[in-house]
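Dear colleague,

Please find below the structure I promised to pass on, together with some notes on what turned up when I went through it.

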Amino acid sequence: MKTQNWVATAALAALVAGSSLVIHGQAGQAQAPAKPAAATKGAAPAPSSPPITIPLRFDRYYTYEEVGQALRALNAAYPQLTTIDVVGKSEEGRDIWAMTVNNPKTGAALDKPGVYVDGNIHGNEIQAGEVCLAVLNRLLTGYGQNEQITKLVDRNAYYVIPVVNVDGRYRFFKEANTPSSGRSLRIPKDDDRDGLIDEDGDDDLDGDGNICSMRRKDPFGAYRTDPEDPRLMIRVKPGEKGEWTLLGDEGIDNDGDGRLGEDGEGYVDGNRNWGSNWAPPYVQTGSGDYPFEAAGTRAIAKFLMDRPNIIVVFAYHNAAGMYLRGPSTKAGEPMNPSDVAVYDILGTNIEKIVPGYRYLVSWKDLYSTYGDFTDFTNNVGGSYGFVGELFIVASETYRPPPKPGAAAAREPDVTDLLSGGNDQERERLKFNDHVTQGDLYKPWKPFKHPQFGEVEIGGWVKMSSRLPHPFMLPDLAHRNASAVLFAAAQTPSITLDVLAPQKAGADLYKLRVRVVNGGSIPTLTFAAVQKKIHPQDTLKVSGPAAKVVAGGRVSGVGIETVAYKANRPEVQFLQVPGDGKVEFEFLVSGKGEVTVAYQSLKAGKATKSIVLQ
Ligand SMILES: [Ca+2]
Ligand SMILES: [Ca+2]
Ligand SMILES: [Ca+2]
Ligand SMILES: [Ca+2]
Ligand SMILES: [Zn+2]
């Protein structure tokens, strides 16, 4: 699917980041070359890439190998605070790395609220990996230097997987691609059901390392040259003479079935293969033959299940400037309104941290997806999850300053992608010409095509359209990392108060216990409580010479009531809401030391002892 409106094409590609629409509508773009040998020329990183030093700089994109070097450099610089795990291996045998940041002096990782961040589950969405590295870089280089960051490191555990689709990242750098191709995990699939597997992907015909577009002179074509910028085309009106036919992405019909690029390498979409609300491929393109078919999703699921303290999840993608929350399909509604309120606190603040980005609901504001990662982490992991869609193409501006007295220009956002049009595309080309000195766009050049004859190849290059030019990368990485740090600061922070015991009879004492959460995020999601995803938090009262004879939760303001628990009153179950408290009253008989212990899967533990006398 192509239109004259090149920005709209880029915009749609961006908007459907993570969407089956990429596959349906742009089959050629969504797939990698069928013949890797023909597609590797020119795109490998320069062997002279500068060494990776700490602090990380974010002024260029790291290859898969360099992401590993960056993690090892961070680990070498901060051995007390970091560990590297190989979570698993990809289909092609590459390591999937996780870095854990935890200060053992403030406790074990599992006893702290966990913040999980990953990126690049879609192979082409590479700046997601850089945002993950920026989170690590900021936490580690700021530790002991910056008061807020020191506190964030000391209070939380962080689990960061910068590259989920390691084969995809490796190949996106090494092979020719469009900005949108190379998303898939490397599980061979017969996408067009002709009995052949991965037989026809894109081909880098001119060997420049990019899959660009092809057009052919055609007086009956649907397009003519844009008079304002001859690199662009506009659709002819009825009755107007045409000039060009668009042939699609660079390539040849490898299997002679009359179609171009209809079955490239893969296609299992890593973000449709999770074991919650999964649907077969006739419902959800790219979902795989069964949940966790992919080695990577399976390994990461195990990693997550082994870390039940994770309460906040960020999964980074590109593009379009969005922070999406679930549910991923309408069937997930209604989301518990108290959980919506938690998302709203985070989402509305993130909109201010990252200008132009919008906080949206996945299925309603974008489209439905099945087998989605954050559905899994929400519904099985009991976390609050966001998908961060990085980069706004409308930030590629070339325009005069606003006239004095005129209202300041609005920050571009996702709505610009829909309005777009050739106006925006012309501006992007001037941005390309004068701000990136031509890095982003290849002018049309004649090429002798073995099947189509004389054609022209040109258009936006691989490293464009969904990615910021490297000069804009530090800002993108820092602001989005700040969104993660903001959420980390809102994770539950528990203090336990045991109010002075009152004598209520001979050897009988009344104890009031207050559990206070200083974070905006509750100690368990409301859905987790409602659906019994995990055990709730516990509050236990015990002592060698003491017995709890009654105990229960206190409710009411002014006139209080205690809901006494019928059995085992010494153990109470609870969830502590964000910026809230829960109180219990216990009647304890006996004497001596009494210990009150709070324990939570996600909010750590706290104990207090008092002496009854
Ligand atoms: Ca096939
Ligand atoms: Ca395929
Ligand atoms: Ca090419
Ligand atoms: Ca074909
Ligand atoms: Zn994506």
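Donors are taken here as N, O and S atoms within 2.8 Å of the metal, or within 3.2 Å for Na, K and Ca, and because water is not among the atoms, sites may look incomplete. Please keep in mind as well that this is a predicted model.

With that in hand, the donor residues of the calcium ion (ligand 3) follow the spacing D-x1-D-x1-D-x1-N-x39-E along the sequence. The coordinating atoms come from Asp204 (OD), Asp206 (OD), Asp208 (OD) and Asn210 (O), with Glu250 (OE) listed twice, and they lie at 2.2 to 2.5 Å from the ion. The angles among the six donor atoms run from 52 to 164°, and the site of the calcium ion (ligand 3) is classed as irregular.

Two of these residues can also be described by their accessibility: Asp204 has a relative accessible area of 6% and is buried, because the cut-off for that class is under 20%, and Asn210, at 10%, counts as buried too.

Turning to the strands, eight of them form an open sheet with mixed pairing, in the order E1-E2-E4-E3-E9-E12-E10-E11. Its edges are strand E1 (82-89) and strand E11 (358-361), each of which pairs on one side only, and neighbouring strands of this sheet are turned against each other by 20° on average, with direction ignored. Within the sheet, strand E3 (residues 114-119) runs parallel to strand E4 (residues 157-161), the two being paired over five bridges, and Tyr116 stands opposite Tyr159 in E4.

With best regards

Conventions: Residues numbered from 1 in each chain as written. Chains lettered and ligands numbered in written order. Predicted model: local features only at pLDDT ≥ 70, side-chain atom pairs only at ≥ 80, totals over all residues. Heavy atoms only, no water. Pairing = 2+ DSSP bridges. Helix = DSSP H or I, 4+ residues; strand = E, 2+ residues; numbered from the N terminus. Axes fitted to C-alpha atoms, helices over the stretch in contact; angles between N-to-C directions. Tetrahedral: all angles 85-135°; square planar, octahedral: opposite > 155°, others 65-115°. Buried < 20%, exposed > 50% of the residue type's maximum accessible area, 1.4 Å probe, protein only.
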